[in-house]
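Colleague: Please take a close look at a single strand of this model and tell me how it sits among its neighbours.

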Amino acid sequence: MKNLITPLAAGAVLLLAAASSNAAIIITAQNGVTGTFGVSNIDLGQAAGTTLTLDSGAAAFGSSVGKLNDGDVYGLGADVETVATLTPTDGSVATYHFDLTASPLGYDLTSIASLTGSAQGRSQQVYDVEYSLVGAGFTPLASVLGTLTDNGSVGETQVTLSNLSLLNVSAIRFTFHNGVGGESMFREIDAFGTAAVPEPSSLLTAGMMAAGGVAAVMLRRKRA
Ligand SMILES: [Ca+2]
Ligand SMILES: [Ca+2]
């Protein structure tokens, strides 16, 4: 089995290098009235083993970080309430940690969607997002600028970061900044992707090495 592990690990390193230089991200922002946008409850952010932490800053006005990945937008409250949101203080940091027990190679991330909704002028989105590959530290991915999003006056804003092509991701981290209305009311952040699988070339290499090992053993047996 040792032969199998070594080439897979080498293949994973190659994937990581490719991922960090190939990301051609597309950021789109849409504004709408209350109820315009939906959220997912089957995204990676809500996978069974995913954990979500508020690493620094605070959830203001009775809000909580867990509202980012509960698959719900307004809960039982009205849109003006913060209880169904994470309303992060300026500079707050929140991180999704994906389940590396379920998928040791991490996850191939395709898109991220964040939704704000407010009747208090708190729907503008201003944040930085970073990603971490398995076994590595955080790397900046993108900055969502308030100029892309709603001016904070009405309704909802959905921001989508697509075409990510990030392989072997273990975590994504968000640093939130105040918009024109002060702290913004984030109602969900969805992360979409799939469990990473070894590259076919890695499997081929592993298979060839395994076959080579078998051939070598057969050769030794023949000679013996
Ligand atoms: Ca979700
Ligand atoms: Ca939510």
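Modeller: What follows concerns strand β3, its two pairings and the core it contributes to. The model is predicted. The chain has two helices and nine strands, and in sequence order the strands all fall between the two helices, as α-β-β-β-β-β-β-β-β-β-α. Of its 224 residues, 38% are buried. Among contacts with a separation of 6 or more, 83% are between residues 24 or more positions apart.

Strand β3 covers residues 93-97. One of its faces, with A94 and Y96, is covered, while V93, T95 and H97 are on the uncovered face. On one pairing, β3 runs antiparallel to β2 (residues 51-56), joined by five bridges; here T51 has H97 as its bridge partner. The other pairing is with β8 (residues 166-176), again antiparallel and over five bridges. H97 appears in this pairing too, with A171 as its bridge partner in β8.

The largest nonpolar core has 38 residues, and those touching the most other members are I112, V129, V169, I172 and A191. β3 is among the elements that give two or more residues to this core, along with β4 (107-117), β5 (127-133), β6 (138-144), β7 (156-162), β8 and β9 (186-195). The most, seven residues, come from β8. Leaving aside residues up to four places away in sequence, I172 touches Y96, I112, V129, Y131 and A191. Y96 in that list belongs to the covered face of β3. As a general point, nonpolar side chains in soluble globular proteins tend to be buried together.

Notes
Residues numbered from 1 in each chain as written. Chains lettered and ligands numbered in written order. Predicted model: local features only at pLDDT ≥ 70, side-chain atom pairs only at ≥ 80, totals over all residues. Helix = DSSP H or I, 4+ residues; strand = E, 2+ residues; numbered from the N terminus. Buried ≥ 20, exposed ≤ 12 C-beta atoms within 10 Å, placed from the backbone. Contact = placed C-beta atoms within 7 Å. Pairing = 2+ DSSP bridges. Core = buried A, V, L, I, M, F, W, Y, C linked by C-beta atoms within 7 Å.
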